[in-house]
Amino acid sequence: MAGIDLIDDLRAGAKPALAIERYRHMAREYDATCWRIEPLRALAIQSLALLPGERVLDVACGTGSTVVTLARQVGRTGRVLGIEQCPAMADIVRQRLWDAGIEHAEIITSPVHLVSRAFGADAVLCSFTHDVLQSPVAVSHVRNLSRSGARIAVLGVRTLPWWWGW
């Protein structure tokens, strides 16, 4: 029965409060769990072909390993906006930026679809942003935070349909 409960849980859609609670518990150890995807994140960032002075949106930025890299690539004349709904994760990003001496990046603690500001991103990074990409409202909001013609890199996994196992 546990397998059926899990499938029903996945079908129920995003559960923001549950996600925030789970990420709060794993925030301090989160980076250690991501070592396998770091080379893929680097490729996703490379694919954005960032230039000094550009504005970059990092959607659901987690603990911010990508925010620091993005900020270094766009330089002090550029801007990075990271959005993270889990306060514990956002606090880690802010500390990481402080430690790196980066002042041209800002972190907003909020679900993506509730961010109420203009940004005009030249490029957007979505790294393992499953819940965001499944929400038409959130995807539309990412578009609103970006300028026309913005480059986007999406990194994640897609599971195969259950019947492939047969």
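Trainee: Before anything else, by about how many helical turns are arginine 41 and glutamate 38 separated in helix 4?

Mentor: By about one helical turn, because arginine 41 and glutamate 38 are three residues apart in helix 4. Please keep in mind that we are reading a predicted model. In this model, arginine 41 and glutamate 38 form a salt bridge, and their closest N and O atoms are 2.7 Å apart.

Trainee: Are the two partners, arginine 41 and glutamate 38, buried or exposed?

Mentor: To read burial, look at the relative accessible area: buried means under 20%, exposed means over 50%, and partly exposed is in between. Arginine 41 has a relative accessible area of 8%, so this residue is buried. Glutamate 38, at 31%, is partly exposed.

Trainee: Which other residues of helix 4 are buried, and where do they sit around the axis?

Mentor: Helix 4 spans residues 38-47, and its buried residues are Arg41, Ala44 and Ile45. These residues lie on the same side of helix 4, because they cover an arc of only 95° around the axis. Turn to the face directed away from that buried side and you meet the exposed residues Pro39, Leu43 and Gln46. Just after helix 4 comes alanine 49, with a positive phi of about 45°.

Trainee: Let me step back to the whole chain. How many helices and strands are there, and in what order do they run?

Mentor: The chain has eight helices and five strands. Starting at the N terminus, the order is α-α-α-α-β-α-β-α-β-β-α-α-β. As for burial across the chain, 39% of its 166 residues are buried.

Trainee: Which residues of the largest nonpolar core touch the most other members?

Mentor: That core has 22 residues, and the ones touching the most other members are Leu50, Val67, Leu70, Val80 and Leu97. Two or more residues each come from helix 4, helix 5 (65-74), helix 6 (87-100), strand 3 (105-109), strand 4 (121-127) and strand 5 (146-155). Helix 5 gives the largest share of this core, with five residues.

Trainee: Back to salt bridges, then. How many are counted in the model?

Mentor: The count is five salt bridges. You have met the pair of arginine 41 and glutamate 38. Another joins the side chains of aspartate 91 and arginine 94, at 3.5 Å from N to O. Aspartate 91 and arginine 94 are three residues apart in helix 6, so about one helical turn separates them. Aspartate 91 is partly exposed at 46% relative accessibility, and arginine 94 is partly exposed at 33%.

Trainee: Which parts does the salt bridge of arginine 147 and aspartate 122 tie together?

Mentor: Start with the contact itself: the side chains of arginine 147 and aspartate 122 meet at 2.6 Å, N to O. Arginine 147 lies in strand 5 and aspartate 122 in strand 4, so this pair ties together parts that are 25 residues apart in sequence. Their burial can be read in the usual way. Arginine 147 is partly exposed, with a relative accessible area of 36%, whereas aspartate 122 is buried, at 13%.

Trainee: How many disulfides are counted here?

Mentor: The general idea is that a disulfide is a covalent bond between the sulfur atoms of two cysteines. To count one, look for a pair of cysteine sulfur atoms within 2.5 Å. In this model the count is zero. You can still practise reading burial on cysteines: cysteine 61 is buried at 7% relative accessibility, and cysteine 86 is buried at 1%.

Trainee: What forms the nonpolar patch on the surface?

Mentor: The patch is formed by Leu133, Val139, Ile152 and Val154, with about 320 Å² of accessible area together. Take valine 139 as an example: this residue belongs to helix 8, which covers residues 136-144. Its relative accessible area is 31%, so valine 139 is partly exposed.

Trainee: One last spot: where is glycine 101, and how far is this residue from valine 68?

Mentor: Glycine 101 is in the loop between helix 6 and strand 3. At 38% relative accessibility, glycine 101 is partly exposed. In sequence, glycine 101 and valine 68 are 33 residues apart, while in space their C-alpha atoms are 9.8 Å apart.

Technical notes:
Residues are numbered from 1 along each chain as its sequence is written. This is a predicted model: local features need pLDDT of at least 70, side-chain atom pairs count only at pLDDT 80 or more; totals for chains, interfaces and linings use all residues. Side-chain values use heavy atoms; hydrogens and water are left out. Buried means under 20% relative accessible area, exposed over 50%, partly exposed in between (1.4 Å probe, protein chains only). Patches are made of residues with over 30% relative accessible area and no salt bridge: like charges are joined within 9 Å, nonpolar side chains (Val, Leu, Ile, Met, Phe, Trp, Tyr) within 5 Å. Accessible areas come from the Shrake-Rupley method with a 1.4 Å probe; for residues, only the protein chains shown count as cover. A salt bridge is a side-chain nitrogen of Lys or Arg within 4 Å of a carboxyl oxygen of Asp or Glu. Helices (H or I, at least four residues) and strands (E, at least two) are DSSP runs, numbered from the N terminus. The arc is that of the directions from the helix axis to the C-beta atoms. A nonpolar core is a set of buried Ala, Val, Leu, Ile, Met, Phe, Trp, Tyr and Cys residues joined through side-chain atoms within 4.5 Å.
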